[in-house]
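Welcome, and please take a look at the model below before reading on. The notes that follow go from the overall fold to helix packing, single residues and the main pocket.

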Amino acid sequence: MPFSYLWHRFITEPAAKLQKFCNKTKLISEKMELFQKLLSKDEINNRFIMAVNAVIRHNLVPNKSALAESLGVKQAKFSEILNGRMKAGTDMLAIMCDFYKVSAEWLLMSRGNNIFRENPNLPKYWVDDDDLTSIYPSESSMPQKTSSLSGDDPFLALIREKDDIIRSQAEEIGRLKERVEQLEREKNDYVLSSQTIPKELEISPTD
């Protein structure tokens, strides 16, 4: 078997696949870092400030003082939040979403490209646990998900792709290991056969 074939089969091809896997792993790591950044308190607070400006720009409140009062926070603290020195509380985020129709998906998770909800209608308030349900939507009723950054769950798609690559690499390593063991056995058989002296060439001992 030519040496060039063995080199390509057992060195070049695995190295190329390993490089591809490393590149894919790096991409996944970068996406996960971005995901964690988007959900950080700083980024959520930055989006809160953007929502405040949008609410005032659309004249939903007369001014920042009126907005601070509706959010249940003092003007001094509100100014600290808008300057980035303090973080908005969850109650303030909830009021922004409920009273001013800010998109909770955008505000909390940076999903979508509209600060405000596209559907202004909200479910009724839940105040009694007697009518609470926990029905998880079936896959058939859920919208199809895409693997782009602007779509739903792109990181899950990347993780699944990474798992597929790892599984493929494991299978390839297993095949390469079997082939190496086979070549090792063939080499040993060849060495043993080359060391065996045919009987017709053996020299009988003299008396």
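This is a predicted model, and its chain has seven helices and zero strands. Read from the N terminus, the order of elements is therefore easy to recall: α-α-α-α-α-α-α. Here is a friendly tour of what the coordinates show.

**Overall picture**

- The chain has 207 residues, and buried ones make up 20% of them.
- About 15800 Å² of the chain is exposed, with carbon and sulfur atoms supplying 56% of that area.
- Among contacts in the chain with a separation of 6 or more, 58% come from residues 24 or more positions apart.

**Helix 2 against helix 4**

- Two packed helices are described by the angle between their axes and the distance between the axes.
- For helix 2 (residues 41-57) and helix 4 (residues 75-82), the axes come within 9 Å and cross at roughly 115 degrees.
- On the helix 2 side, the contact is made by Asn45, Phe48, Ile49 and Val52, while helix 4 brings Phe78, Ile81 and Leu82.
- Sorted by class, this contact has six nonpolar residues, one polar residue and no charged residues.

**Helix 5 and its neighbours**

- Helix 5 spans residues 90-99, and its buried residues are Met92, Leu93, Ile95, Met96 and Cys97.
- These buried residues pack against four elements: helix 2, helix 3 (64-70), helix 4 and helix 6 (104-109).
- Just after helix 5 comes Lys101, which takes a positive phi of about 60 degrees.

**Leu67, a buried residue of helix 3**

- Leu67 is found in helix 3.
- Is Leu67 buried or exposed? Its relative accessible area is 0%, so Leu67 is buried.
- Setting aside neighbours within four places in sequence, Leu67 is in contact with Val52, Val61, Phe78, Met96 and Tyr100.
- Some of these partners appear above: Val52 and Phe78 take part in the contact between helix 2 and helix 4, and Met96 is one of the buried residues of helix 5.
- Leu67 and Ile56 are eleven residues apart in sequence, and their C-alpha atoms are 8.3 Å apart in space.

**Positive phi in two loops**

- Which loop holds Asn59? Asn59 lies in the loop between helix 2 and helix 3.
- Asn59 is not a glycine, yet its phi is positive, at about 60 degrees.
- With a relative accessibility of 65%, Asn59 counts as exposed, because the cut-off for that class is over 50%.
- Ser110 is placed in the loop between helix 6 and helix 7 (154-195).
- Ser110 is also a residue other than glycine, and its phi has a positive value near 60 degrees.
- The relative accessibility of Ser110 is 27%, so this residue counts as partly exposed.

**The largest pocket**

- How big is the volume of the largest pocket? The value is about 340 Å³.
- Twelve residues line the largest pocket, and those nearest its centre are Ser103, Glu105, Arg111, Arg117 and Glu118.
- By class, the lining of this pocket comprises one nonpolar, six polar and five charged residues.
- For comparison by eye, the contact of helix 2 with helix 4 has six nonpolar, one polar and no charged residues.

Conventions: Residues are numbered from 1 along each chain as its sequence is written. This is a predicted model: local features need pLDDT of at least 70, side-chain atom pairs count only at pLDDT 80 or more; totals for chains, interfaces and linings use all residues. Side-chain values use heavy atoms; hydrogens and water are left out. On a 1 Å grid over the protein atoms alone, a cavity is a set of points where a 1.4 Å probe fits but cannot get out, and a pocket is an open set with protein on both sides within 12 Å along at least five of seven lines; lining residues have an atom within 4 Å of a point. Grid points are joined across faces, edges and corners, and a volume is the space filled by probe spheres set on the points. Ala, Val, Leu, Ile, Met, Phe, Trp, Tyr, Cys and Pro count as nonpolar, Asp, Glu, Lys and Arg as charged, and the others, Gly among them, as polar. Buried means under 20% relative accessible area, exposed over 50%, partly exposed in between (1.4 Å probe, protein chains only). Contact means heavy atoms within 4.5 Å. Accessible areas come from the Shrake-Rupley method with a 1.4 Å probe; for residues, only the protein chains shown count as cover. Axes are lines fitted to C-alpha atoms, for helices over the stretch in contact, and angles run from 0 to 180 degrees between N-to-C directions.
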